Amino acid sequence: MASILPLELVHVRLAIGDTLIADDFTLTLAAGAPTIVVGANGAGKSTLLRLCHGLAAPSAGTIAWARDPKGHQAMVFQRPSMLRRSALANVAYGLKLRGVPRGVRTEIARDRLRRVGLEAIAERPARVLSGGEQARVALARAWALDPQILFLDEPTANLDPAATRALEDILGDMAEEGTKIVMTTHNLGQARRLGADIVFLHRGRVIEHAPVERFFKSPGTPEAAAYLAGELPW
């Protein structure tokens with residue numbers, strides 16, 4: 001299957017009324033190891049993912065894929081919504097929408113739940129699961145669609161350290177199998193653990209895009225240096 005990547009954003013702006021949400025997103029996301037997006041609150045991290053995923057349309061600029069991304073990308077939100085169904089039915093739902101036969105989609109859904117360590121609770125109502133378990137169900141649901149690229153908006157923000165590590169392991173498995181991970185986080189330790197490259201946003205602009213070690217050891221902009229030092233960017 002031909003890759004939908006790279007994804008190129010060129011001078012992308014997003015305005016809602018008189019409020020400028022994204023000032024100038026210019027960025028290329030290529031296939032390969034995970035890309036981690038960091039920046040202060042309000043920098044535009046979630047907006048970037050929503051634009052890439054197609055949940056928001058740019059007011060100006062261009063967003064271009066190598067080929068039609070329909071059916072080949074997925075997104076997991078910080079607080080994923082669970083249907084009033086079992087964990088298994090939640091994972092199978094996207095496959096049902098694609099017209100996958102019941103037996104096949106059930107088999108795939110059970111496999112993905114097994115891969116995220118939840119096979120034993122497949123029949124339990126998804127909405128009664130813990131936050132960490134729901135996060136893993138959401139990952140399994142996305143994984144079932146075999147996306148070439150997966151966007152994740154702070155998926156571990158509300159999880160304890162054990163649940164965070166479990167989710168990171170799953171993302172590592174997905175990346176090893178060829179899914180491009182693009183993820184926002186405020187956890188700089190996590191960014192170093194997971195990322196091959198870092199995108200740093202400041203006030204709706206891509207200020208820096210660099211390999212992970214270079215970004216942390218020698219940030220190329222005053223804004224990035226201030227952010228890493230724990231100071232609020234100006």
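I begin with the term I shall need most: a salt bridge here is a side-chain nitrogen of Lys or Arg within 4 Å of a carboxyl oxygen of Asp or Glu. I also note at the outset that this is a predicted model.

**Entry 1: a salt bridge on helix α3**

I looked up glutamate 177 and arginine 115, and found their side chains joined in a salt bridge with an N to O distance of 2.4 Å. Glutamate 177 sits in the loop between α5 (161-176) and β7 (180-184) while arginine 115 belongs to helix α3, so the bridge ties together parts of the chain that are 62 residues apart in sequence. I then checked how far each partner is covered: glutamate 177 is partly exposed at a relative accessible area of 49%, and arginine 115 is also partly exposed, at 27%.

**Entry 2: another bridge from the helix**

Which residue forms a salt bridge with aspartate 146? I found arginine 112 as the partner, with the closest N and O atoms 2.8 Å apart. The two come from distant parts of the chain, since aspartate 146 is in the loop between α4 (131-143) and β6 (149-153) and arginine 112 is in helix α3 (residues 102-115), a separation of 34 residues. Arginine 112 has a relative accessible area of 11%, and because buried means under 20%, I enter arginine 112 as buried.

**Entry 3: a bridge inside a helix, and a network**

For a local case I turned to glutamate 213 and lysine 217, whose salt bridge has its closest N and O atoms 4.0 Å apart. Both are in helix α7 (residues 212-217), and because they are four residues apart there, about one helical turn separates them. An α-helix has 3.6 residues a turn, so residues three or four places apart point the same way. Glutamate 213 is partly exposed, with 38% relative accessibility, whereas lysine 217 is exposed, with 67%.

I also recorded a network of salt bridges that links Arg13, Asp23, Asp24 and Arg205. For the structure as a whole I have 12 salt bridges in my notes. The chain has 28 positive and 24 negative charges, and the mean positions of the two sets lie 7 Å apart.

**Entry 4: threonine 26 and strand β2**

I looked next at threonine 26, which lies in strand β2 (residues 19-29) and is partly exposed at 37% relative accessibility. How far apart in space are threonine 26 and valine 206, C-alpha to C-alpha? The distance is 6.5 Å, although the two are 180 residues apart in sequence. Setting aside residues up to four places away in sequence, I found that threonine 26 touches Leu9, Val10, His11 and Val206.

**Entry 5: helix α2 and the loop before it**

In helix α2 (residues 87-97) I listed Ala87, Leu88, Asn90, Val91, Ala92, Gly94 and Leu95 as buried, and the buried residues of this helix pack against α3 and α4. Just after α2, I noted that glycine 99 has a positive phi of about 85°.

Methionine 82 is in the loop between β5 (73-76) and α2; with 6% relative accessibility, methionine 82 counts as buried. Beyond its neighbours within four places in sequence, methionine 82 has contacts that include Asn90, Ala126, Arg127 and Gln134; Val137, Ala138 and Arg141 are also among them. I further noted that the C-alpha atoms of methionine 82 and valine 128 are separated by 9.6 Å, with their positions 46 residues apart along the chain.

**Entry 6: threonine 156**

Is threonine 156 buried or exposed? I found it buried, with a relative accessible area of 10%, in the loop between β6 and α5. Apart from neighbours within four places in sequence, threonine 156 is in contact with Thr164, Leu167 and Gln190.

**Entry 7: the whole chain**

I closed with the overall picture, in which the protein chain has eight helices and nine strands. A compact globule of 234 residues would have a radius of gyration near 17 Å, and the 18 Å of this chain agrees with that. The C-alpha trace spans about 55 × 35 × 35 Å along its principal axes. Buried residues account for 49% of the 234, and the accessible surface comes to about 11200 Å², 50% of it belonging to carbon and sulfur atoms. Of the contacts between residues at least 6 apart in sequence, 68% join residues at least 24 apart.

Methods: Residues numbered from 1 in each chain as written. Predicted model: local features only at pLDDT ≥ 70, side-chain atom pairs only at ≥ 80, totals over all residues. Heavy atoms only, no water. Rg over C-alpha atoms; globule rule 2.2 N^0.38 Å. Buried < 20%, exposed > 50% of the residue type's maximum accessible area, 1.4 Å probe, protein only. Contact = heavy atoms within 4.5 Å. Areas by Shrake-Rupley, 256 points an atom, 1.4 Å probe, with all protein chains shown as cover. Lys, Arg positive; Asp, Glu negative; His and termini not counted. Charge placed at Lys NZ, Arg CZ, Asp CG, Glu CD.
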